[in-house]
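Biologist: I've got a few "how do you know that" questions about this fold. Can we go through them one at a time?

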Amino acid sequence: MDRLIPTVNKLQDVFNTVGQDEIDLPQIVVVGSQSSGKSSVLENLVGRDFLPRGSGIVTRRPLVLQLVNIPRKEGDAEGESTTRAQFLHLPDKVFTDMSEVRREIERETERLAGNNKGIVKTPIHLRITSPDVLNLTLVDLPGITKIPVGDQPSDIEMQTRNLVFEYISKPNSIIVAISPANVDIVNSESLKFAREVDPKGSRTIGVITKIDLMDRGTNSLDILTGRVYPLRLGFVGVVNRSQEDTQSNKPIAESLAFEEEFFRTHQVYRTIQQHCGTANLAKVLNQLLMQHIRDHLPNIKTKINALISQTEQELSSYGHMSSDKDGVSKSGRMLKLITLFATEFNNSIEGTAPEMSTAELCGGARLYYIFNDIFASGLDSVNPTANLTNNDIRTAIRNSTGPRASLFVPEIAFQLLVKPQIKSLEPPALRCVQLAYEELMKIGLTCGNNEMRRYPRLHNKVVEVVSDLLRERVGPASAYVESLIAIERAYINTNHPDFIGGPGAISDLQRKLERKRKETTRSRIREVNKTITTTRQRSTDSDTVVVGSYGNVDEVVVESSLVDPSEIDDRIEEHHRKNSASMSVAPGTLRRPGSGSPINPVPHTGGPGAGKFFNSFFGTNGRRDGLHVSADEPRAGHISVIPVPNKLSNMTGEGTSFDEDIAALATQLSSDLSTAEQRDEMETTLIRSLITSYFSIVRKSIQDLVPKAVMHLLVNEVCQSMQNRLVEELYKEDLINELLQEDPALVAERDQCAAMLEVYKKAFAIINESM
């Protein structure tokens, strides 16, 4: 049990040699306001006057004080000659004069904190060995201050607070909260800070100083017994040396004797003498620290064991130490590193690398994404006829016929127009090559294990050689892709089995025209029905026909019976099936229902468009041989009212039926397509259909061939020739020594890691010895 505190002291020494602070060792942290008597308490515990004293803030750096009890040798008298002090920053110097210790603390403080009243958090480590002390590890922190004085920084309060919390917030720290008795306990800053990090008070012990300076009639009995502010570890009362005693160099032994006599004879405190005095405080702290160490040492051992494992893995990641005994070992190491790099490059592309990123696509998966997503989307975004206007197509058709008129759409015009569209596939294809090249460059930069990265010159040279190799291969790959586009443009194969061809394009065009013809018929019938609805209110007799002349077209409107557009479509289809060569009724005439005699259209005063549409008039009361027209001939734009039957139907009797009238209407609609504009539209539509069909064939071919070309001429070629190129460029006797020079920063990190491993192993051995 007595070896626990020395064990922690050894651990502190071991860890402080490398500045390691990951292990939270058990320690006692002394916290108090400025001039609360902290330094006096520590000096009483040591029994020697060794700390800087004065007004204002004196302790400006944390002081880690290790008190080590050593047995008194036979023949040694009690006195300072048996006390030894040693600083961690002066490991070879032993102090026997405590005044020298005080001056060294002041010098070391001024070295980092300066001559002003500022504070720093770098601690001073001091070990004092004496037969008059108990084993303790204490941390004396700067006093808590509120207002900056002199040349202190304006944020001195915040600096002090942060420094105090850095130590007391550690779970393995025991907090000694110093509070002067002549200040109300409710205003204690030390207890306030302790309560923030230890609200249950399980690791806080209160020390009430300056009890002898309280006003007459007052005492700290309620505080020391825990009635005012309860703490699980309780309170201890002490009597400090006064400033006069310090200045007169009154021995601490005398002060301790006075303290013991004060509590023994005081009428209030003699009842709780076991809770008062510096000697009692030292025993309590010693017991608390040993118990604290015993409770936390197994966890510390477990944590150190885990740190040993982590540090060994980190050290192995740096690789083994280079052997400079002979050149053969370096040559073998060079070949090994080159082979590992080439293997890692190939594995990254094949997807068999041991470590693959899960955050983004890389290596071969990225190449697949480039081929099947980026490149395919780029090709699909190219519209084969987006940049071709109807005027461009007409001009190409006319230019291809020369001075002659063409009876059919010339094939030369199709080839003239489709070749530039095939050329538009070249940018996405070259972009695919460039993206694959960039991905291979990225793979080359990320390859190389930790052992190779120990040699930055070798790694940079390897990346340079790989970059040169990729640049050499990307040129032929791009040239081949360009040649693929040129090959497609060199010969337009209109006999391709997937090409729609002339008959297919014409059939497709006929279907489009048929749909357009039906839509036109429906539109005109809807206009007729709309006219019937609007004129119904103007009619005085329900058995009338409204005959109107609108522009150059005469229309027959039956008011009492609306015409169904679907019926017209069915009749037109049936007529086309019966007679596709010509219509039975010549354009410009329409026969009477039930008779074979033609009906002359209503005369027009309009322009040349007269006669394109015809009006059918049906007689009433059995009169089929003529029309009863009003006395005045209707003029253009006027409406005449003529009596007709209530229902438009297919009448029985001699002559033609209503089907022939529908056929006449179809013939009239078909005649509209024979104009020059309709022919131009037919030709441009035909050319667009052919271009789209052939472009789709070429696009499928390019989408299939470009990834194959990239894999063959770029990816596979680089993978196959990389190792040979690296050996050829780097495996040279005059370069091996230069390239296998380790990075100095990496060497320093490896050495530090090795030192930490030794520290952890040593600490683990120390704990094993004590347990």
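Biologist: Why does Tyr694 count as buried?

Modeller: First, keep in mind that this is a predicted model. Tyr694 has 3% relative accessibility, and buried means under 20%, so Tyr694 counts as buried.

Biologist: And why does Phe499 count as buried?

Modeller: By the same test: Phe499 comes out at 11% relative accessibility, under the 20% limit, so Phe499 is buried.

Biologist: What makes Phe499 and Tyr694 an edge-to-face aromatic pair?

Modeller: Two values. The ring centres are 5.7 Å apart, and rings pair if their centres lie within 6.5 Å. The planes make 85°, and over 60 degrees counts as edge-to-face.

Biologist: Why do you say that this pair ties together parts of the chain?

Modeller: Because Phe499 lies in the loop between helix 16 and helix 17 (501-535), whereas Tyr694 is in helix 20, and those parts are 195 residues apart in sequence.

Biologist: How many aromatic pairs are there in the structure?

Modeller: The structure holds 9. One of them is Phe262 with Tyr269, which is tilted.

Biologist: What makes the Phe262 and Tyr269 pair tilted?

Modeller: The planes are 40° apart. Stacked is under 30 degrees and edge-to-face is over 60, with the rest counted as tilted. The centre-to-centre distance is 6.2 Å, and the limit for a pair is 6.5 Å. Phe262 and Tyr269 are both buried, and ring pairs link them with Phe258 and Phe263 into a cluster.

Biologist: On to the sheet. In what order do the strands run?

Modeller: There are 8 strands in an open sheet, ordered 3-4-2-5-1-6-7-8, with mixed pairing.

Biologist: What makes strand 3 (84-87) and strand 8 (235-237) the edge strands?

Modeller: Each of these pairs on one side only. From one strand to the next, the twist averages 25°.

Biologist: How do you know that the pairing is mixed?

Modeller: Look at strand 5 (136-140). Strand 5 pairs with strand 1 in the parallel sense over 3 bridges, while 5 bridges join strand 5 to strand 2 in the antiparallel sense. Val30 has Asp140 as its bridge partner, and Leu65 has Leu138. On from there, strand 1 (residues 27-32) runs parallel to strand 6 (residues 173-180), with 6 bridges between them. Val31 stands opposite Ala177 there.

Biologist: Why do you call strand 5 largely enclosed?

Modeller: Because 5 of its 5 residues are buried. Both faces are covered, with Leu136, Leu138 and Asp140 on one side and Thr137 and Val139 on the other.

Biologist: Which helices lie on the sheet, and at what angles to strand 5?

Modeller: Helix 2 (residues 38-46) lies across several strands, including strand 1 and strand 6, at about 160° to strand 5. Helix 9 (residues 278-317) packs on the sheet too, and its direction makes about 105° with that of strand 5.

Biologist: How do you know that the span of helix 4 (residues 156-168) is close to the expected one?

Modeller: Helix 4 has 13 residues and reaches 18 Å from first C-alpha to last, and 18 Å is also what is expected at 1.5 Å a residue. Its buried residues include Ile156, Leu163 and Phe165. The cover over the buried residues includes strand 1, strand 5, strand 6 and helix 5 (189-197).

Biologist: What about the largest nonpolar core: which residues have the most contacts inside it?

Modeller: That core has 70 residues, and the list includes Phe345, Phe414, Leu458 and Met722. Helix 20 (676-730) gives the largest share, which is 18 residues. Leaving aside close sequence neighbours within four places, Leu458 is in contact with residues including Met334, Leu337 and Leu739.

Biologist: Why is Thr385 called buried, and where does Thr385 lie?

Modeller: Its relative accessibility is 14%, under the 20% cut-off, so Thr385 counts as buried. Thr385 lies in the loop between helix 11 (364-380) and helix 12 (390-401). Beyond four places in sequence, its contacts are Gln421, Arg688, Ile691 and Thr692.

Biologist: And Glu350, buried or exposed?

Modeller: Exposed, because its relative accessible area is 61% and the line is drawn at over 50%. Glu350 sits in helix 10.

Technical notes:
Residues numbered from 1 in each chain as written. Predicted model: local features only at pLDDT ≥ 70, side-chain atom pairs only at ≥ 80, totals over all residues. Heavy atoms only, no water. Pairing = 2+ DSSP bridges. Helix = DSSP H or I, 4+ residues; strand = E, 2+ residues; numbered from the N terminus. Axes fitted to C-alpha atoms, helices over the stretch in contact; angles between N-to-C directions. Contact = heavy atoms within 4.5 Å. Expected span 1.5 Å × (residues − 1). Buried < 20%, exposed > 50% of the residue type's maximum accessible area, 1.4 Å probe, protein only. Core = buried A, V, L, I, M, F, W, Y, C linked by side-chain atoms within 4.5 Å. Phe/Tyr/Trp six-rings, centres within 6.5 Å; stacked < 30°, edge-to-face > 60°.
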